[in-house]
Amino acid sequence: MEVRFLTRNVELPGDIKEYMEKKLFKIEKFFDRILDTQVALNYKRGMNVVEITSNVNGVVMRGEDYAPDLRKAFDKALKNIERQVKRHKSYLTDKVRMKVQDISFDIDPELLPQQAEKEEPKREIVKIKKFTVDVMTPLEATMQMELLGHSFFIFKNDESGDINVVYRREEGGYGLLEPK
């Protein structure tokens with residue numbers, strides 16, 4: 001596993017860096033296919049913010065936490081990553097043990113709320129982000145979305161080969177967007 005450190009507004013002492021590397025290599029006992037990990041350290045508003053992003057065999061896992069002490073913030077963020085790695089490993093073992101049925105989410109366009117026409121605000125693109133689109137099932141995409149903590153996730157459907165989007169519905173559950 002490759003470990004990278006990124007610091008902003010904080011200096012990383014050598015003993016704390018060694019402590020963090022030692023702890024990060026211990027999570028490999030839960031899952032040995034962790035490819036690389038990035039630890040971003042930041043200091044803002046009197047708190048140390050630690051964000052850990054790990055690439056676990058193609059699945060991105062992210063843990064973020066903050067505390068006045070750098071070690072405590074790192075330990076709390078690492079617990080988030082450990083929990084996600086354990087959950088992902090149990091998902092993979094369950095998937096091997098039994099055949100996973102695909103879940104499809106049908107959205108009735110008549111049930112979507114209709115918005116009254118208003119004056120259009122000026123729309124402009126303020127950020128462009130490029131990323132790879134992985135091939136997976138909708139169930140795997142919802143799991144990846146939850147692991148990242150996002151409200152939607154773009155993926156390539158392994159059955160149809162189309163680009164799809166899964167999203168978290170406000171009423172609960174998930175939705176799947178498929179092209180016609």
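Arg168 is partly exposed in this predicted model, with a relative accessibility of 37%. Its side chain meets that of Glu146 in a salt bridge, at 3.0 Å from N to O. This pair links distant parts of the chain. Glu146 belongs to helix H3, Arg168 belongs to strand E7, and 22 residues separate them. Glu146 has a relative accessible area of 29%. Glu146 therefore counts as partly exposed, since that class lies between the 20% limit for buried and the 50% limit for exposed. Arg168 also stands opposite Tyr174, a residue of E8.

Strand E7 covers residues 163-168. E7 and E8 pair in the antiparallel sense, over four bridges. Both belong to an open sheet of four strands. The strand order is E5-E6-E7-E8, and the pairing is mixed. E5 and strand E8 (174-177) are the edge strands. Each of these two pairs on one side only. Helix H3, residues 138-148, packs on the sheet. H3 touches E5, strand E6 (152-157), E7 and E8. The direction of H3 makes about 150° with that of E6.

Gln144 also lies in helix H3. Gln144 has a relative accessible area of 5%. Gln144 is therefore buried, as the limit for that class is 20%. When residues up to four places away in sequence are not counted, Gln144 touches Val59, Val60 and Phe153. Phe153 falls within strand E6 (152-157). Val59 and Val60 fall within strand E4 (residues 59-67).

The structure holds eight salt bridges in total. One of them joins Asp15 to Arg71, with the closest N and O atoms 3.8 Å apart. Asp15 lies in helix H1 (residues 14-26) and Arg71 lies in helix H2, so this pair ties together parts that are 56 residues apart in sequence. Asp15 is partly exposed, at 47% relative accessibility. Arg71 is partly exposed as well, at 31%.

Helix H2 takes part in a further salt bridge through Lys76. The partner of Lys76 is Asp65, and the closest N and O atoms are 3.9 Å apart. Asp65 lies in strand E4 (residues 59-67), so the pair ties together parts that are 11 residues apart in sequence. The two partners fall into separate accessibility classes. Lys76 has a relative accessible area of 37% and is partly exposed. Asp65 counts as buried, at 17% relative accessibility. Elsewhere, salt bridges link Glu2, Arg4 and Asp36 in a network.

The surface also carries a nonpolar patch of about 260 Å². Phe131, Val133 and Ile163 make this patch. Phe131 sits in the loop between helix H2 (70-97) and strand E5 (135-136). Phe131 is partly exposed, with 49% relative accessibility. This value is over the 30% that a patch residue requires. Ile163 belongs to strand E7, which spans residues 163-168. Strand E7 thus contributes to the patch through Ile163 and to the salt bridge with Glu146 through Arg168.

Note on methods: Residues numbered from 1 in each chain as written. Predicted model: local features only at pLDDT ≥ 70, side-chain atom pairs only at ≥ 80, totals over all residues. Heavy atoms only, no water. Patch = residues over 30% accessible without salt bridge, like charges linked within 9 Å, V, L, I, M, F, W, Y side chains within 5 Å. Areas by Shrake-Rupley, 256 points an atom, 1.4 Å probe, with all protein chains shown as cover. Salt bridge = Lys/Arg side-chain N within 4 Å of Asp/Glu carboxyl O. Buried < 20%, exposed > 50% of the residue type's maximum accessible area, 1.4 Å probe, protein only. Pairing = 2+ DSSP bridges. Contact = heavy atoms within 4.5 Å. Axes fitted to C-alpha atoms, helices over the stretch in contact; angles between N-to-C directions.
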